[in-house]
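Here is a quick walk through one chain, with an eye on how a few of its helices sit against each other. Have a look at the fold first, then read on.

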Amino acid sequence: MAGGAKDAVEVEAVIVGAGIAGLATALALHRAGVAGAGRGGGVVVLERHAGLRAAGAALIIFPNGWFALHALGVAHKLISRYNAYETSVVTNLETGATQVFSFGGHKRRNDEVRVRAVHRKALLEALAEELPPGTIRFSSNLISISTEPAADGSSEIAVVRLDDGTVIRSKVLIGCDGVHSVVARWLGLSEPASSGRSAVRGLSVFPGGHSLKKELRQFLPHGLRAGMVPISETDIYWFVVNNTVPAEREIGGDPEKILREVTDNLGRQLPPEFLDVVRHSDLGNVTWAPLLYRAPWAILTGRAARGPVTVAGDAFHPMTPDIAQGGCAALEDAVVLARALSRSRGAAGLPADSVAAYVAERRGRAAWIVAGAYLSGWVQQGSPGGARGALAYAVKLFRDLIFYRFVFPLLADTMWYNCGELAPPQGDEEEAAGKKSHAD
C-alpha cells in the first residue's frame, strides 16, 4: 500500500461496486445529466474484481425491472434476445397436485414489459456498453470513507481512499457493493440477517437444444423448492432453495461438489427431468450461497444516508430471491436516485438533500418488497426452518389452497410498479409522480 496519495481525483459521483445496481446507477446519472457537470467531471465506478462479475448465472426480470430498463435506454437490447413467458407450473411432489398461475397478477400486460429470464452477464454488458470509456475502474480496493466540508463551505463532499494510495473526492458517494456492503456498514445500517435457508443456482447448456416449454417449472418436495426456466433455445436457468446453510469450508466454491450434493442429497426427491438439467450445468455458473435479508423495519428506520453518502441495491435492501426482485429493485433505485440528484443541480438544492429525498422515497417500497419476498419463501417452502407437524401442515395447506390462487397475484401486482422516467420536464414533477403505477 502506498504511504501517501498516489493520485488525487475530483469527480461528480463515486459508485462502489460494478454489479447491476452500480452500473445501472452510473448509467442513470449519465442519462439524467448529473455526470460530467463538475470540475472533475463524470462518474467513477470502483470495482474490486478484475472484470465484470457474472456470478449468479441468470435472473428473472419482472415488469418493474423492464420499466426501469426502458428509462435507462437499454431495454431494447435485451428484449430482442429473450423470450417472454407468463406462467409458472407448480407441482407438489408430496401430493402430485399441479397448479398453474400467472405472473401478470391483475395488471394489463404488453409485449415489452412481460417477464423474461436473462443472462446476468448480458444485463451487465448491456449497461456497461453505454458508459463512457474509463468509467469503471477495476481492481480498486476501498480502504476508507470519510466526509469533509466542500470548498464553498455550504455542503459536504465524500472522500474515499484506495489501497494504491488514490484519493477520490466526490459530491456524492453511492454504495452498490452488495449484501456485505462496506458503505452500508460505514453508514451504520444493520448487518443482514440469515433467513435460515440457502440457494443453489446454476446454468445448464444443451448445445443441441432442449425441449422445455417457455414457462417456469417449480417442484415442491418436503422442505425444498426447486425450479427451472429456459433462457434461450440452449440454456436453462435452475435453482434449489433449501433449509440448510452450508459451511463454506465443506462445499467451498467447488461446483462439482455442489452438483453432487444436489443430485445425491438435496434433490434426490426431485423428478429425473430436473436432475438431468442439473447434470448439464456449466461448472463456471454454479453457486451455493446463504439467503440473507435486511429486516423491513431496519430499512424503514436505519441510517441509509449520511450527508452525500447513500446506498442502493443489495447494499440498501438485501432480500431473499423468492419473488425475483433483487435485481429489479436495484434498477428502480438507479432511476429514482438519478432523478433526485438531477433536481439538485445548480442552485436548486444540495446533493445531501437529494440523497435524503431518494432514501425517503425508496424506504417504504423496499421494505414492502423484502417482506413480500420473505413471506413468499417462507410459505412456498412449506416447512419453515425444517419444521414438521402441525405448523408445517398448516403452512402447506395455506400454500396449496390460498397462496398461489389469491396471495401471489397480489404480490405480482406490485411487480408492475413503474418507477417513472429519469428526468420529467421541469415543473411537471408532481404530475409525473402522480402517474407512477403503485399496485393497490
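Let's start with a helix pair: H1 passes H10 in a right-handed crossing. Their axes cross at roughly 30° and come within 8 Å. With angles under 35 degrees counting as roughly parallel, H1 and H10 are therefore roughly parallel to each other. On the H1 side, the residues involved are Ile20, Ala21, Ala24, Thr25, Ala28 and Leu29. They meet Gly327, Ala330, Leu331, Ala334, Val335, Leu337, Ala338 and Leu341 in H10. Sorted by type, the residues of this contact between H1 and H10 come to 12 nonpolar, 2 polar and no charged.

A word on what you're looking at: this is a predicted model. The protein chain has 440 residues, and 55% of them are buried. Its secondary structure adds up to 13 helices and 18 strands. Take the contacts between residues at least 6 apart in sequence, and 76% of them join residues at least 24 apart.

Back to H1 itself. The helix covers residues 20-31, 12 residues in total, and spans 16 Å from its first C-alpha to its last, close to the 16 Å expected at 1.5 Å a residue. Is H1 enclosed by the rest of the structure or exposed? Since 10 of its 12 residues are buried, H1 is largely enclosed by the rest of the structure. The buried ones are Ile20, Ala21, Gly22, Leu23, Ala24, Thr25, Ala26, Leu27, Ala28 and Leu29. After H1 comes Gly33, with a positive phi near 80°.

H10 (residues 326-342) also has a second partner to talk about, helix H11 (residues 351-381): the two pack at about 155°, with their axes 8 Å apart. That angle makes H10 roughly antiparallel to H11. H10 passes H11 in a right-handed crossing. The H10 side of the contact is made by Ala329, Glu332, Asp333, Val336, Leu337, Arg339, Ala340 and Leu341. From H11 come Pro351, Ser354, Val355, Tyr358, Glu361, Arg362, Arg365 and Ile369. This contact of H10 with H11 divides into 9 nonpolar, 1 polar and 6 charged residues.

One of those residues deserves a closer look. Arg362 lies in H11. How buried is Arg362? Its relative accessible area is 1%, and the cut-off for buried is under 20%, so Arg362 counts as buried. Leaving aside neighbours within four places in sequence, Arg362 is in contact with Phe316, Ala329, Glu332, Asp333, Val336 and Tyr417.

Finally, some backbone oddities. Most residues other than glycine have a negative phi. Ser139 goes the other way, with a positive phi of about 55°, and Ala324 also has a positive value, near 55°. Where do they sit? Ser139 is in the loop between strand E8 (136-137) and strand E9 (142-149). Ala324 is in the loop between strand E18 (309-311) and H10. Here are the accessibilities of these two residues, together with that of Arg362.

| Residue | Relative accessible area | State |
|---|---|---|
| Arg362 | 1% | buried |
| Ser139 | 46% | partly exposed |
| Ala324 | 23% | partly exposed |

Key:
Residues numbered from 1 in each chain as written. Predicted model: local features only at pLDDT ≥ 70, side-chain atom pairs only at ≥ 80, totals over all residues. Heavy atoms only, no water. Helix = DSSP H or I, 4+ residues; strand = E, 2+ residues; numbered from the N terminus. Expected span 1.5 Å × (residues − 1). Buried < 20%, exposed > 50% of the residue type's maximum accessible area, 1.4 Å probe, protein only. Axes fitted to C-alpha atoms, helices over the stretch in contact; angles between N-to-C directions. Parallel < 35°, antiparallel > 145°, perpendicular 65-115°, else oblique. Left-handed = near helix turned anticlockwise from the far one by under 90°. Contact = heavy atoms within 4.5 Å. Nonpolar A, V, L, I, M, F, W, Y, C, P; charged D, E, K, R; others polar.
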